[in-house]
Amino acid sequence: MSVAASANKPRQDRRRRLLTRRDVLTLGLMLGIPTFIHVLLVWGPALSSIALSFTRWDGIGGLDTIEVIGTKNYRDIATIYPPFYPALRHNIYWLLFFIGVATPAGMFMAVLLDKEIRFTRFYQGALFLPVVLSLAIVGFIWQLMYAPEQGLINNVLGRTSQANFIDWLGDPSINLRAVLVAASWRHVGYIMILYLAGLKSVDASLREAAAIDGATEAQTFFRVVFPVLKPINVVILVVTVIESLRAFDIVYVINKGTNGLELLSVLVTNNIIGEASRIGFGSALAVILLIISLGFILYYLFQTFRKEMR
Amino acid sequence: MSVTERLNRPAVTAGAAEAVRPQRKRGGRALLHGFLGLTALAWLLPLLWAFYTSLRPYAETARRGYLSLPGTLNFNNYATAWRDADLPHFYWNTLVITVPALVLTLLLASFVAFGVSRFSFRFNVALLMLFTAGNLLPQQVIITPLYRLYLLIPLPEFISDTGSLFDTYYGIIAIHVAFQMGFCVFVLSNYMRTLPNELTEAAMVDGASVWQQFWRIVMPLTRPALAALATLQFTWIYNDFFWALVLMKSGDRRPITSALNNLEGVFFTNNNLIAAGALLAAVPTLIVFFSLQRQFVSGLTLGANKG
Amino acid sequence: MTEDASLRNLQGHGVVIERRTVLKGMLAASGLIAFPSLAACTGESSTGGSSNSVTFGSNYSDAVPKKALATALTAGEKSENLKVEINTVDHNTFQEQINSYLQADPDDVFSWFAGFRMQFFAERALATPITDVWDKIGGNYSEALNKQSTGTDGEQYFIPFYYYPWAVFYRKSVFEQNGYEIPTTMDQFTALAKQMQNDGLTPIAFADKDGWPAMGTFDYINMRQNGYDFHIALMRGEESWSDPKVKSVFDTWRGLLPYHQKGALGRTWQDAAQTVVDKEAGMYLLGMFVGQQFTGLAAEDLDFFSFPEINSEFGQDSVEAPIDGFMLSADPSNEDGAKKLLEYLSSAEAQATYLESDPNNIAANQDADTSNYSPLQNKAVELIGAADNISQFLDRDTRPDFAATVMLPSLQEFINNPDDVDGLTKEIEQQKKSIFAG
């Protein structure tokens, strides 16, 4: 019965006619309540922060102690705030590393593990395990690896004396990369699981058809599977960008984001959380971070939605 | 030739194609296992190292160095960490926050994902973008206005002893839900969009209300995504320490990630003790992962076999 | 879609209903668990209203100080007939959050530090003046301590509990073994460092991963070279960081850097102290809390000398001795009880009880019984007693936001790149102007 029914009439009309008033109410509540909570607790404060970025305030006292100073915070950040440009550079480097190395690695592992082979659960488990750990633990575990005199790496390399130890986390020319290794340790497993979920949902018949046509595995993947996984690819990319722009925890736990590990998110925190906060200044930094993230995401979302509307 | 036509052919053709491959497959398989095995071991190495360190008494590593063969191995460090950092108490705190937050987040997010992906209306895209964008905000951007807001929202005395949302579990759960919803909406709406329209249309023709379509048709089919998200969300909410750090002032109400912080201060450079404490703190997430892994892997294959 | 598909859906419904009930059950169960525990956890409250119960916010989170404080407070409960509820928060977290803590229903009494850092919050009405308490117990404290406890409005806000000097620590046995002499001038100090290098030791242990330890070195060089008054004025934003006097401080420091441990930015002070314990490093400029790393026999081997003189005009007249103590929050629920507690904490007995378990400090009360003091503690009393001026440490003598967001990274930058002093001081000055303007 359903076949005949859905094949005949135009779908839009059908849908509109079948939505009762009760349905509309249900939908309204289903959409409205979460949106209300979300706007109240996330967007409201976010917009307030944007407003605050044009002020000067130390966070103490009521709203009447806020002083509006226009764009001075932004000008200060651009001209006299030494950690800003390094932080920006580090964020970009982080992003490029994730997009170019860590995420493809995760996708690659997912493709490998998508086959029906033995021990697949063990392999998946081993790779996903770091994702499940709290950042404090990840930071700590890697400090056990990287410590100059007591760490595993230096001990294995035999370089533990005062004269020749490698200062993985204290030397600003290499510590960002050392931290990126620790961050990727976690990121690869994360991407792998997301991608695996997507791969599992690909219609097996598509792959079989390609196999029958004589395609190699690589061709099957790139020409058949990858394009079909567009929604998952979008998710993966968005997640990668979020994670790299948000990178905060590991760096903060290691050395509070100083000395070569400056990141925009840490700069924001250092100015807002603290004894005498520079709320306005920190909010301005946060707004810069916000603009960078939103810019990318909006651009990409519009791309995706425009295609689907065709 | 179309895909459907190929599928309706007898299985003989498929079998023939398979027969050519076996030898290449076996050698390739061995290589694959080798590579995967090495990668898995390399991945586990940092954790194994921490575990090994946690089993050794501090006196021994101080004497012999950390990279040395074990003289004694025992769980003393774990017992000490458990006791001195008062871990059971903090575990409970974390659970009280994480479970309700997780359930609420998934529920509310699936409401929105359903509405946004199965129905087209004017603000469809805008709403989706609102949620997605909302999840990208660094937590730091919203903290000060949020803190002020919490101080202003009144709650009756029997629910909150500060009279406001500040320093309550409700407050922490609320911000987790509001904050994590964005990502879940994004993932779930993408997933729901791949579910064929015919399913809900058939139901609609049969007279099902929107709620029934949601609860009886779409939700069960979204299970694989929900399961995967549940694991992710549990770990995120569990591992978060930022919200409780600022929005709670009572030291003993904070979740376990703050207890870890105390551990570092208390035990100075006793790496072995901190390793034990840190691994103990990771146990709930590990349990969830290992028990749920079976669920969502089978859920994933269920999804792969349908249609 | 084919007929097969819709059939499968109908079949699926049967299974769905089961799962749905399970899901519902799960939701209900989690709700049931959560609600009572939530009610229980936020409903407890025994403070406020009760006239002999006082809440106490403490940042004494490390094991030794925590236990010592608990012992002192228990004794106080007995003698003052009070019930004290201690709320301990991790040391660093407490400080970082003091801003939000003090504005949202803080504990009656809370631990804090003297100096500008105290005045900053007092000025913003986040603490209650306790001049009436000082009227009673002011005699316990020296003039210098009185000054450090006074706010900008002339009222007292702070009860000193203990303090400790910053000095150059070393192991007596190492000095004896190698025949080292205690240096009193910078030239002697540098010569000693060279000697140590020749003997295979790292002359000066150094760690600045946390960012604040290096401030001690800056403070001392500045006070020795340019005098206490200039140093304090600089801290308060009244002098320019581009002043040649400030640049010369960095120049002196640069001259000493070759004798400092390398890789300081990756090392914590605990690790650096350990190298002194292990006789790998010869000297360490740090606070007396360095004693926490010296246990057993090493504890008796620990000694210190005052940072050497650089400019004979100033000699060694200033000592850096941060004071820790307690304050009364802005709207306490039990003001009388809290004030009684503060009086108790100012007493010699309270401080002695504390120091029994945590001997790396000395009592602030000038009448405290020093007969149980270790030789090191006695030496500390002498050092501070003989000083004309007491400074509090950079992050307590200046605005907290300036110390944390400007000085901390700037000093780390200097350690990485000690040659560009002009650029560095210019950046500090620009930021200082921006921050102090508010």
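These legends accompany a set of close-up views of a predicted model.

**View 1. Chain C at a glance.**
Let us start with the make-up of chain C. Its secondary structure comes to 20 helices and twelve strands. Of the 438 residues in chain C, 49% are buried. Looking at contacts in chain C with a separation of 6 or more, 79% are made by residues 24 or more positions apart.

**View 2. Helices α2 and α16 of chain C pack against each other.**
The pair shown here is helix α2 (residues 63-80) and helix α16 (residues 348-357), both of chain C, with axes 8 Å apart and an angle of about 150°. Angles over 145 degrees count as roughly antiparallel, and α2(C) and α16(C) are therefore described as roughly antiparallel to each other. The crossing of α2(C) past α16(C) is right-handed. On the α2(C) side, look for C:Val64, C:Lys67, C:Ala68, C:Leu69, C:Thr71, C:Ala72, C:Ala75 and C:Gly76; they meet C:Ala350, C:Thr353, C:Tyr354 and C:Ser357 of α16(C). Sorted by character, the residues of this contact between α2(C) and α16(C) are seven nonpolar, four polar and one charged.

**View 3. Helix α20 of chain C and its covering.**
Helix α20 of chain C takes in residues 421-436. With 16 residues at 1.5 Å a residue, α20(C) should span 22 Å, and its end C-alpha atoms are 22 Å apart, so the expected and modelled values agree. The buried residues in this helix are C:Leu424, C:Thr425, C:Glu427, C:Ile428, C:Gln431, C:Lys432, C:Ser434 and C:Ile435. What covers them? Among the covering elements are α12 (244-256) and α19 (400-416) of chain C, together with α4 (72-80) of chain A.

**View 4. Helices α5 and α9 of chain A cross.**
Turning to chain A, this view pairs helix α5 (residues 84-113) with helix α9 (residues 175-200). Their axes come within 7 Å and cross at roughly 40°. An angle under 35 degrees would count as roughly parallel; α5(A) and α9(A) are therefore oblique to each other. As in the legend for chain C above, the handedness can be given too: α5(A) passes α9(A) in a right-handed crossing. The residues of the contact of α5(A) with α9(A) comprise 20 nonpolar and five polar, with no charged ones.

**View 5. The contact between chains A and B.**
Here 81 residues from chain A face 85 residues from chain B. Which helix gives the largest share of the side of chain A that touches chain B? Helix α3 (residues 21-52) of chain A does, with 18 residues. That side of chain A divides into 56 nonpolar, 17 polar and eight charged residues.

**View 6. Chain B, with a closer look at B:Leu226.**
Chain B has 15 helices and zero strands. Buried residues account for 51% of its 307 residues. For contacts in chain B between residues at least 6 apart in sequence, 74% join residues at least 24 apart. The residue picked out here, B:Leu226, sits in helix α12 (residues 223-239) of chain B. Is B:Leu226 buried or exposed? B:Leu226 has 24 C-beta neighbours inside 10 Å, so it counts as buried, the cut-off being 20 or more. As a guide to distance in this view, B:Leu226 and B:Asn239 are 13 residues apart in sequence, and their C-alpha atoms are 19 Å apart in space.

Technical notes: Residues are numbered from 1 along each chain as its sequence is written. Chains are lettered from A and ligands numbered from 1 in the order in which they are written. This is a predicted model: local features need pLDDT of at least 70, side-chain atom pairs count only at pLDDT 80 or more; totals for chains, interfaces and linings use all residues. Helices (H or I, at least four residues) and strands (E, at least two) are DSSP runs, numbered from the N terminus. A residue is buried if 20 or more other C-beta atoms lie within 10 Å of its own, exposed if 12 or fewer, and partly exposed in between; C-beta atoms are placed from the backbone. Two residues are in contact if their C-beta atoms, placed from the backbone, lie within 7 Å. Axes are lines fitted to C-alpha atoms, for helices over the stretch in contact, and angles run from 0 to 180 degrees between N-to-C directions. Angles under 35 degrees count as roughly parallel, over 145 as roughly antiparallel, 65 to 115 as roughly perpendicular and the rest as oblique. A crossing is left-handed if the near helix is turned anticlockwise from the far one by less than a right angle, and right-handed if clockwise. Ala, Val, Leu, Ile, Met, Phe, Trp, Tyr, Cys and Pro count as nonpolar, Asp, Glu, Lys and Arg as charged, and the others, Gly among them, as polar. The expected span of a helix is 1.5 Å times one less than its number of residues.
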